[in-house]
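Biologist: I am new to this structure and would like a close look at one part of it. Please start with the places where oppositely charged side chains meet, and work outward from there.

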Amino acid sequence: QICLPQMADWRKDGWYAGDLHHHSVYSSPLHGGTDDVIESPQQVAFSMAAAGLDFGALSDHHNIKNHQDWLATATDTFLPIVSKEISTTNGHVLSLGVHTDVIYKIPKQEDRTEQYLRQEHIRTSEEIRACGGLPQINHPCDRNPAISLDPKFADMIEIFDTIEVWNGSNPMIPGTPNYDAFTFWLS
């Protein structure tokens, strides 16, 4: 019942607005996650629709428990896309459009060689594609190294089909992780 004012109407020019990285209660400790999210998939869809978005991916951490509830939010004006955010030893990867649970194999400390980490990213991306999805690297320039793409793996960026350039409430101005991700994408 709440409609937020649209900042721009790009539909007239053939553009569609969406959010490809959003979490729900399925990323919270209630479901084995660590995020302090309390919104249900339905509440997330209502928020996205109220903001004027045409599509959205619910990308909860470590599980695909939201998929059935998320797909049930489809309307004539909103397209839900299934997804999962995979925490790896080298950043966060999204499995866009994948209905099965793609698992990144985290190595034991003694097995964490550069060769293993590179190969596991390649394997994960290939598995996402084999399931009909698109692999995306999320927040590649975040200041937290645990969730950011390690710069020594930047040469592998082409194994991903998309790069998240705007994450969360950070502005898109020089000196921010979003701006760094945007310039990384441009390069």
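**Salt bridges and their surroundings**

Modeller: Asp-101 is partly exposed, with a relative accessible area of 34%; the scale calls a residue buried under 20%, exposed over 50% and partly exposed in between, using a 1.4 Å probe and protein chains only. This is a predicted model, in which local features need pLDDT of at least 70 and side-chain atom pairs count only at pLDDT 80 or more, while totals for chains, interfaces and linings use all residues. Residues are numbered from 1 along each chain as its sequence is written, and side-chain values use heavy atoms, with hydrogens and water left out.

The partner of Asp-101 is Lys-84: the two form a salt bridge whose closest N and O atoms are 2.5 Å apart. Lys-84 sits in the loop between β3 (79-82) and β4 (85-88), and Asp-101 in the loop between β5 (91-96) and α3 (114-130), so this pair ties together parts that are 17 residues apart in sequence. The helices (H or I, at least four residues) and strands (E, at least two) named here are DSSP runs, numbered from the N terminus. A salt bridge is counted when a side-chain nitrogen of Lys or Arg comes within 4 Å of a carboxyl oxygen of Asp or Glu. By that rule there are seven salt bridges. Unlike partly exposed Asp-101, Lys-84 is buried, its relative accessible area being 4%.

A second salt bridge joins Arg-118 to Asp-155, with 3.1 Å between the closest N and O atoms. Arg-118 belongs to helix α3 and Asp-155 to the loop between β6 (134-138) and β7 (162-163), so the pair ties together parts 37 residues apart in sequence. Asp-155 counts as exposed, at 55% relative accessibility. Glu-114 also comes in here, since Glu-114, Arg-118 and Asp-155 are linked in a network of salt bridges.

Another salt bridge brings together the side chains of Asp-180 and Arg-143, at 3.0 Å from N to O. Asp-180 is in helix α4 (residues 177-186) and Arg-143 in the loop between β6 and β7, so these two tie together parts that are 37 residues apart in sequence. Both are partly exposed: Asp-180 has a relative accessibility of 26%, and Arg-143 one of 48%.

Helix α4 also carries aromatic residues. Across the whole structure, a search finds three aromatic pairs. In one of them, the rings of Tyr-179 and Phe-182 have centres 6.5 Å apart and planes at 55°, so the pair is tilted. For such pairs, rings of Phe, Tyr and Trp (its six-membered ring) must have centres within 6.5 Å; planes under 30 degrees apart count as stacked, over 60 as edge-to-face and the rest as tilted. Tyr-179 and Phe-182 both lie in α4, three residues apart, which is about one turn of the helix. An α-helix has 3.6 residues a turn, so residues three or four places apart point the same way. Tyr-179 is partly exposed at 28% relative accessibility, and Phe-182 is partly exposed with a relative accessible area of 28%. Together with Trp-185, Tyr-179 and Phe-182 form one aromatic cluster.

Back at β3, the strand before the loop that holds Lys-84, there is a sheet to describe. This open sheet has three strands in the order β1-β2-β3, with parallel pairing. β1 and β3 stand at its edges with a single partner strand each, so one side of each has no neighbour in the sheet. From one strand to the next, the twist averages 15°. Strands count as paired if DSSP finds at least two bridges between them. β1 and β2 are joined by three bridges, and Asp-19 has Gly-56 of β2 as its bridge partner. β2 and β3 are joined by four; here Phe-55 stands opposite Leu-79, and Gly-56 opposite Pro-80.

Helix α1 (residues 41-50) completes the picture. β1, α1 and β2 make a right-handed β-α-β unit, meaning that the path from the first strand over the helix to the second runs clockwise with the strands pointing away from the viewer. In α1, Pro-41, Val-44, Ala-45, Met-48 and Ala-50 are buried. The buried residues of the helix pack against β1 (18-22), β2 (55-58) and α2 (67-71), with contact meaning heavy atoms within 4.5 Å. After α1 comes Gly-52, whose phi is positive, near 90°.

Definitions and conventions: Axes fitted to C-alpha atoms, helices over the stretch in contact; angles between N-to-C directions.
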